Amino acid sequence: MPTDRRRRATAIADLLQSFEAYLVEHRDCAGLAGGILEVTASGARWGVAWLSCAECGLRWERRLALNGAP
Ligand SMILES: [Zn+2]
């Protein structure tokens with residue numbers, strides 16, 4: 001459905017924005033890892049952005065509903 005697709009695009013863009021904020025801060029660090037993925041949980045699709053920095057001991061994760069969730 002178009003509404004779901006728009007909602008998904010908005011959520012992914014939102015995740016990407018917060019992901020990039022962390023990425024810029026830690027891009028020179030050793031042991032940086034992260035990504036954006038989609039998972040199904042509790043009958044809904046979720047976009048998950050995560051980033052971990054071994055050097056700073058950071059482990060960040062954020063998830064947003066893509067569709068089928070309130
Ligand atoms: Zn770092």
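Helices (H or I, at least four residues) and strands (E, at least two) are DSSP runs, numbered from the N terminus. With that in hand, Ser42 can be placed in the loop between β1 and β2, and we'll come back to this residue further down. What you're looking at is a predicted model, in which local features need pLDDT of at least 70 and side-chain atom pairs count only at pLDDT 80 or more, while totals for chains, interfaces and linings use all residues. Residues are numbered from 1 along each chain as its sequence is written.

Let's start with the whole chain. Its secondary structure comes to one helix and three strands, and from the N terminus on these run α-β-β-β. Put a box along the principal axes, and the C-alpha atoms fill roughly 40 × 20 × 15 Å. Of the 70 residues in the chain, 10% are buried. Here a residue is buried if 20 or more other C-beta atoms lie within 10 Å of its own, exposed if 12 or fewer, and partly exposed in between, with C-beta atoms placed from the backbone. As for contacts, two residues make one if their C-beta atoms, placed from the backbone, lie within 7 Å. Among contacts in the chain with a separation of 6 or more, 45% are between residues 24 or more positions apart.

Now for the sheet. The three strands form an open sheet in the order β1-β2-β3, with antiparallel pairing; two strands pair if DSSP finds at least two bridges between them. β1 and β3 (58-67) stand at the edges with a single partner strand each, so one side of each has no neighbour in the sheet. On average, and ignoring direction, neighbouring strands are turned by 15 degrees against each other. The axes behind such angles are lines fitted to C-alpha atoms, for helices over the stretch in contact, and angles run from 0 to 180 degrees between N-to-C directions.

Helix α1 (residues 2-26) packs on this sheet and touches β1, β2 and β3, its direction making about 170 degrees with that of β3.

Next, follow the strands one at a time. Strand β1 (residues 32-41) has 10 residues and the number buried is zero, so this strand lies largely in the open. Its antiparallel pairing with strand β2 (residues 44-53) covers 10 bridges. Along that pairing, Leu37 stands opposite Val48 in β2, and Ala41 has Ala44 of β2 as its bridge partner.

That brings us back to the turn. The hairpin of β1 and β2 has two residues between the strands. Ser42 has a positive phi of about 55 degrees there, although this residue is not a glycine. Why does Ser42 count as exposed? Because Ser42 has 8 C-beta neighbours inside 10 Å.

On the other side of β2, nine bridges join this strand to β3, and the two run antiparallel. Two examples are worth finding on screen: Trp50 has Glu61 of β3 as its bridge partner, and Ser52 has Arg59. The hairpin of β2 and β3 has four residues between the strands, and in it Gly57 takes a positive phi near 70 degrees.

Finally, let's look across from the strands to the helix. Leu64 lies in strand β3 and is partly exposed, because 18 other C-beta atoms lie within 10 Å. Leaving aside neighbours within four places in sequence, Leu64 is in contact with Ala11, Asp14, Leu15, Trp46 and Gly47. Leu15 is 49 residues away from Leu64 along the chain, yet their C-alpha atoms are separated by 7.7 Å. Another pair to look at is Arg6 and Leu66, which are 60 residues apart in sequence and 9.3 Å apart in space, C-alpha to C-alpha. Arg6 has its place in helix α1, and this residue is exposed because 10 other C-beta atoms lie within 10 Å.
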